[in-house]
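Reader: I would like a close look at one part of this protein, the place where its two domains meet. Please take me through what lies there.

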Amino acid sequence: MVIPSSLKNCFQLFYVLKISASGFKYTANRGLILQSVSSDVYQNLAVEDWIHDNMNLENRQVLFLWRNSPTVVIGRHQNPWQECNLKIMRKKNIKLARRRSGGGTVYHDLGNINFTFFTSKKKYERMENLKLVVRALKGLRPQLDVRATARYDLLLDGNFKISGTAAKLGRTVAYHHCTLLCSADRFILSSVLKSPYKGIKSNATPSMPALVKNLFEEDPTLTCEMVMDAVAAEYARCHQIDHHITLINPADEIVFPGINNKTKELQTWEWIYGKTPKFSISTCFNMMYEQSLLEVQVDIHVKHGRIEVCNIDLPEQWLPPAMCNELEKNLIGSKFCPSETTALASALLRICPQNYELHSKWSLLCENVMTLM
């Protein structure tokens, strides 16, 4: 019986991963090149988790290629309110994801390529991986001025960042992943990677701003497929393996047992927002009501993504203190997010005195508090 090559690839991958998960050893210098068919960031991050947790990489190295639909990805120890514009992201339906590695915040879309290099911990070497990418790009277009820096970034023309790096080091396994800006939407990138929130105090890891540029602005004849193939070819040459890219479906439980649970965990509010290091916001905003301007001072402390302390200071002649206190009391313990605050404010409004002026002031106050989120 003749087996189609696509099925052969599937069987080969199934065999490789099942054996690896069982802890069997492989011959030295063997490697594997995988490419995701998904553009879902949570599925692709789950592949990283699955390989890290299940594959025996003592004598095997893996290169994983993946791209995502529009997403902002923050580092393991970062604060999304500090790092990005959540208002624009909600409006444009841009996802937010928290990865398990450290490092700074990045924007992904289909014009950005992600490379993940998996090795044993003792063979982990970020600079060698970046040099590999540089060689691949130079092989495609020798005139490109691309170089790796001491901060493990890739610079184009000596000034423009086209790649950032992050890593996770486990007990025996490590991975290093990096981006490569090829033809990403730089307008969206600059819009969403700029926080509008003021007065935040936090010990979260901050990102380091940098000038960025797309690789394809330098050479529009390149494509993402050409770049991925060139990197895969260079990886195969370095590790003396076949230049063969195996396509994978990150939702396939037969190949990756338990991976869908990993995907679901990465999508939860508790992981994306709840893992934010404790922070506080101390700020003020102006409210206009019937031609009068009112300044409101707000102090909020957030822990595990939930409001721990809430103080709203406004003139008591404008809104009865009991109403303001009720809002403060009910916000404590709730998620620091506009949807939960909206539901909370609506519920409280129904039990407030049936007074049009009070309702209008209450709604205006709640709307402004939500702008902090």
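**The interface between the domains**

Author: In this predicted model, domain 1 and domain 2 bury about 1000 Å² between them, and carbon and sulfur atoms give 58% of that area. Three residues stand out on the domain 1 side: Trp81, Lys201 and Trp269 supply 47% of the area that domain 1 buries against domain 2, more than any other three residues.

The domain assignment places domain 1 at residues 31-273 and domain 2 at residues 279-372. Their C-alpha centres are 39 Å apart. Counted by contacts, 13 residues of domain 1 meet 14 residues of domain 2.

As for specific interactions, the rule finds 0 salt bridges across the interface of domain 1 and domain 2. For polar contact, the rule finds 3 residue pairs across this interface, with both residues at pLDDT 80 or more.

The side of domain 1 that touches domain 2 can also be read by its secondary structure. Three elements each supply at least two residues to this side: the helices α4 (86-92) and α10 (269-272), and the strand β12 (200-202). Of the elements, β12 gives the most, with 3 residues. By residue type, this side of domain 1 divides into 5 nonpolar, 3 polar and 5 charged residues.

To put the parts together: the side of domain 1 that touches domain 2 has 5 charged residues, while 0 salt bridges are found across the interface. Carbon and sulfur atoms give 58% of the buried area, and 3 residue pairs are in polar contact.

Notes: Residues numbered from 1 in each chain as written. Predicted model: local features only at pLDDT ≥ 70, side-chain atom pairs only at ≥ 80, totals over all residues. Heavy atoms only, no water. Domains from an automatic or database assignment. Contact = heavy atoms within 4.5 Å. Buried area = accessible area lost by both parts, 1.4 Å probe. Salt bridge = Lys/Arg side-chain N within 4 Å of Asp/Glu carboxyl O. Polar contact = N/O pair within 3.5 Å; in protein donor to acceptor, adjacent residues only side chain to side chain. Helix = DSSP H or I, 4+ residues; strand = E, 2+ residues; numbered from the N terminus. Nonpolar A, V, L, I, M, F, W, Y, C, P; charged D, E, K, R; others polar.
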